[in-house]
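These are my notebook entries on a structure that I looked up residue by residue. I record each question together with what I found.

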Amino acid sequence: MNSAPVTVRHDWTLDEIQALFDQPFNDLLFEAQRVHRAGFDANQVQVSTLLSIKTGACSEDCAYCSQSAKYDTGLERERLLPLDEVVAAAEAARAKGATRFCMGAAWRNPTDKNLDKVIDMVRAVRGLGMQTCVTLGMLTEAQSLRLRDAGLDYYNHNLDTSPEFYGNVITTRTFQDRLDTLAHVRAAGISVCSGGILGMGETGTDRARMLQELANLPRHPESVPINLLVQVEGTPLYGSDRIDPLTFVRTIAVARILMPNSYVRLSAGRTDMSDETQALCFLAGANSIFYGERLLTTDNPDADHDRELLGRLGIRMQAAELEADRQACCGSGT
Ligand code: SAM
Ligand code: DTB
Ligand code: SF4
């Protein structure tokens, strides 16, 4: 049994990460659970609800995305939602138990005028006592500071995949562009939410490299979403080979070990997972989910089903205050 203390590192080599992946499944899950218990209550998950505040007609060519204008996915484009609709959706999410409200926009980057409107949304949702997260594409340093001043808690911007596989998925912006946005968000003092997608045809080495990039950032993202590709008809990645669910679980476990104090989010793709696969993900150290029937443009499990599943597993939904306390006490440990 490994009883070594859990240390936060930023110098992981690819060989070390590959060796974690290559362990027998039981050894990997045991170690992930040990690390998980050192930093978190193992029977608690953080829950966020998503809302697409501006849908479709995006100029980018992300090969997985329903919202790219380059692919015919049958999605109806929508303008930026009015403030009252956003507030009503946040209130409904809060009533169902979500503690964080995450607003996503199909933009390459926000214009300053659009950012004004998003800032009004952030202020209003915070006013409901919820944590706020937005994902708006690339940000400048000045825009990050404006969001920080509005009280934004989290900014989501995913690396998506390894730097080597990246060009197979997106050509309209670079991996370095993504790192630059993350640096601006971090410098502004906003908590970082960054992860990626599995099941896009990447290799095991790509998965290890993506986690290496995340774990070797100067500070670990406070939140690390691991998405399973939601295959959307009309996108280039529709029909990709599906990955073995146990490979997905292993990736969660390695993320947990590499980033011991980060929330690892079992993100998109849960409608394609059995309850048992999700239970293994929680055992592997996932401790956050998207909660509510809709992700951005695709389906998520019913909230009733999730409550029942968490109940069967004896897992509680985390209250907002608890998480705020944790941030105050352990925020520097990433
Ligand atoms: N337009 C902004 C951007 O790309 O940064 C924000 C929204 S975008 C939808 C946020 C993230 O959702 C993407 O970076 C990707 O990781 C994830 N995502 C989008 N479509 C997905 C899909 N079909 N399956 C899994 N994850 C997806
Ligand atoms: C993340 O990593 N996953 C979420 C959130 N961050 C913004 C988005 C998932 C989108 C899934 C496809 C859709 O619903 O359009
Ligand atoms: Fe646009 Fe974001 Fe979709 Fe890429 S992932 S096409 S940037 S909405």
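**Entry 1: cysteines**

Is Cys281 buried or exposed? The model I consulted is a predicted one. I found Cys281 to be buried, because its relative accessibility is 0% and the cut-off for buried is under 20%.

I then asked which cysteine sulfur is closest to the sulfur of Cys281. The closest belongs to Cys193, at 17 Å, and this is too far for a bond. A disulfide would need the two sulfur atoms within 2.5 Å. My search of the whole structure for disulfides returned 0.

I also looked up Cys62. Its relative accessibility is 9%, so I entered Cys62 as buried.

**Entry 2: ligand 3**

Cys62 appeared again when I listed the residues around ligand 3. Which other residues surround ligand 3? I noted Cys58, Glu60, Tyr64, Cys65, Ser68, Ala106, Trp107 and Arg173.

Sorted by class, this shell holds 6 nonpolar residues, 1 polar residue and 2 charged residues. I recorded the location of ligand 3 as the largest cavity.

**Entry 3: ligand 1**

How many residues surround ligand 1? I counted 16, and the closest are Ala105, Thr135, Asn158, Asp160 and Val230. The shell of ligand 1 is made up of 9 nonpolar, 5 polar and 2 charged residues.

Next I looked up the polar contacts of ligand 1. Tyr64, which I had already listed around ligand 3, places a polar backbone atom 3.1 Å from a nitrogen atom of ligand 1. Ala105 also uses its backbone: an N or O atom there is 3.1 Å from a nitrogen atom of ligand 1. Asn158 uses its side chain, with a polar atom 2.8 Å from an oxygen atom of ligand 1. On its own, ligand 1 has 550 Å² of accessible area, and the protein covers 90% of this.

I noted further that ligand 1 occupies the largest cavity.

**Entry 4: ligand 2**

Which residues are the closest to ligand 2? They are Asn158, Asn227, Leu296, Thr297 and Thr298, out of 13 that surround ligand 2. Asn158 is thus an entry in my notes for ligand 2 as well as for ligand 1.

I looked up three polar contacts here. In the side chain of Asn227, an N or O atom lies 2.8 Å from an oxygen atom of ligand 2. In the side chain of Asn156, an N or O atom lies 3.3 Å from a nitrogen atom of ligand 2. Leu296 contributes a backbone N or O atom, 3.0 Å from an oxygen atom of ligand 2. Ligand 2 taken alone exposes 400 Å², of which the protein buries 87%.

How does the shell of ligand 2 divide by class, and what are the numbers? I recorded 6 nonpolar residues, 7 polar residues and no charged residues. Ligand 2, too, sits in the largest cavity.

Notes:
Residues are numbered from 1 along each chain as its sequence is written. Chains are lettered from A and ligands numbered from 1 in the order in which they are written. This is a predicted model: local features need pLDDT of at least 70, side-chain atom pairs count only at pLDDT 80 or more; totals for chains, interfaces and linings use all residues. Side-chain values use heavy atoms; hydrogens and water are left out. A residue is near a molecule or strand if one of its heavy atoms lies within 4 Å of it. A polar contact is a pair of N or O atoms within 3.5 Å; within protein, one must be able to donate a hydrogen and the other to accept it, and residues adjacent in sequence count only if both atoms are side-chain atoms. Accessible areas come from the Shrake-Rupley method with a 1.4 Å probe; for residues, only the protein chains shown count as cover. On a 1 Å grid over the protein atoms alone, a cavity is a set of points where a 1.4 Å probe fits but cannot get out, and a pocket is an open set with protein on both sides within 12 Å along at least five of seven lines; lining residues have an atom within 4 Å of a point. A molecule sits in a cavity or pocket if more than half of its atoms lie within 2 Å of its grid points. Ala, Val, Leu, Ile, Met, Phe, Trp, Tyr, Cys and Pro count as nonpolar, Asp, Glu, Lys and Arg as charged, and the others, Gly among them, as polar. Buried means under 20% relative accessible area, exposed over 50%, partly exposed in between (1.4 Å probe, protein chains only).
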